[in-house]
Amino acid sequence: MILKRLYIITVMTLFTFCAGAQNVKVSLGVTGGGIATQMLTEPAPSSPMYMGGYGGAFVNVNPLKKLGVRIGANYSMQGGKYQIGQVPITLSQSYLNVPVSVMYHPKSFISLEAGFYQNVLLGSKLVEQGSSVIEVNPDDGALKYNIGVLAGVSFNISKSLFINLRYCYGLSYSYAIMGTGYKANAITAGIGVNLLRNKTRAF
């Protein structure tokens, strides 16, 4: 319900900006990079970082010179690590990741963003490395959906190429086991390429 409201607010905001703009710049592109994920329990302990990656496509809609919206669709590989007694557990999850950001372009070489995202679980695996290796696939502890907020910065190397850094903070649990819920925070670093750029008149 919260995510649905956020999508509605984003669409209404974008429509309002486009209605008042003379020209709207639209670009399509691809992006990919690495993800460092950390699973957190409440109130403390945290798990070690888990390294993964992502790749996908995005669309930028810029109704104003310095303000726009970026919507993406990525395949991401994330996970986490924790321990039960002396037995280490490794979790691996694959998601459809849908980020939606409001973009602010103060200078031509830099862009700032803030927004939200939803992850939809595509696959999951648990590996228990005790006296013998036990693999559970699919892993029932991985939750189907999780949402969060994000903030980031892009450094524009050229009109077509940029480097993107993001911090993603989980608002809902991504994993639950033995009565304990885990939220996942992540840092992403990637490269994006604008493949198609177009300027069109607004309404």
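Me: What makes Arg70 count as a charge lying over the face of Phe58?

Reply: In this predicted model, Arg70 lies over the face of Phe58 at 5.2 Å from the ring centre, and the distance part of the rule asks for CZ of Arg within 6 Å of that centre, so the value of 5.2 Å meets that limit. The charged end of Lys183 is placed in a similar way over the ring of Tyr173, 5.9 Å from its centre.

Me: Why is Phe58 called buried rather than exposed?

Reply: Phe58 has a relative accessible area of 7%, and because buried means under 20%, Phe58 is counted as buried.

Me: How do you know that Phe58 and Phe162 form an aromatic pair, and what makes the pair edge-to-face?

Reply: The search for aromatic pairs gives a count of two. In the pair of Phe58 and Phe162, the distance is 5.7 Å centre to centre and the angle between the planes is 70°; since ring centres must lie within 6.5 Å and planes over 60 degrees apart count as edge-to-face, both values lead to that name. Phe58 belongs to strand β2 (residues 50-62) and Phe162 to strand β8 (residues 161-170), so the pair ties together parts that are 104 residues apart in sequence. Phe162, at 3% relative accessibility, counts as buried.

Me: Why is the pair of Tyr175 and Tyr182 called edge-to-face?

Reply: The ring centres of Tyr175 and Tyr182 are 6.3 Å apart and their planes stand at 70°, and because the rule takes centres within 6.5 Å and planes over 60 degrees apart, the pair is edge-to-face. Tyr175 counts as buried at 1% relative accessibility, and Tyr182 is buried with a relative accessible area of 10%.

Me: How do you know that Glu113 and Arg166 meet in a salt bridge?

Reply: The side chains of Glu113 and Arg166 come to 2.9 Å, N to O, and the cut-off for a salt bridge is within 4 Å, so the pair qualifies. A search of the whole structure finds one salt bridge. Glu113 lies in strand β5 and Arg166 in strand β8, so the pair ties together parts that are 53 residues apart in sequence. Glu113 counts as buried at 5% relative accessibility, and Arg166 counts as buried at 13%.

Me: What makes β4 and β5 count as paired strands?

Reply: Strand β4 and strand β5 (residues 110-129) pair in the antiparallel sense over 17 bridges, and because at least two bridges are needed, they count as paired. In β5, Leu121 is the bridge partner of Tyr95, and a hairpin joins β4 to β5 through two residues.

Me: How do you know that β3 and β4 pair as well?

Reply: Strand β3 (residues 67-84) is joined to strand β4 (residues 87-107) by 16 bridges, and the two run antiparallel, so the requirement of at least two bridges is met. Gln78 stands opposite Gln93 in β4, and in the hairpin of β3 and β4, with two residues between the strands, Gly85 takes a positive phi near 65°.

Me: Why is the meeting of Asn194 and Ser27 called a polar contact?

Reply: The side chain of Asn194 makes this contact with the side chain of Ser27 at 3.4 Å, and because the cut-off is within 3.5 Å, the distance passes. The backbone oxygen of Lys159 also lies 3.4 Å from a polar atom of the Asn194 side chain. Asn194 itself lies in strand β10 (residues 180-201) and is buried, with a relative accessible area of 10%.

Notes
Residues numbered from 1 in each chain as written. Predicted model: local features only at pLDDT ≥ 70, side-chain atom pairs only at ≥ 80, totals over all residues. Heavy atoms only, no water. Helix = DSSP H or I, 4+ residues; strand = E, 2+ residues; numbered from the N terminus. Phe/Tyr/Trp six-rings, centres within 6.5 Å; stacked < 30°, edge-to-face > 60°. Buried < 20%, exposed > 50% of the residue type's maximum accessible area, 1.4 Å probe, protein only. Lys NZ or Arg CZ within 6 Å of the ring centre and 35° of its normal. Polar contact = N/O pair within 3.5 Å; in protein donor to acceptor, adjacent residues only side chain to side chain.
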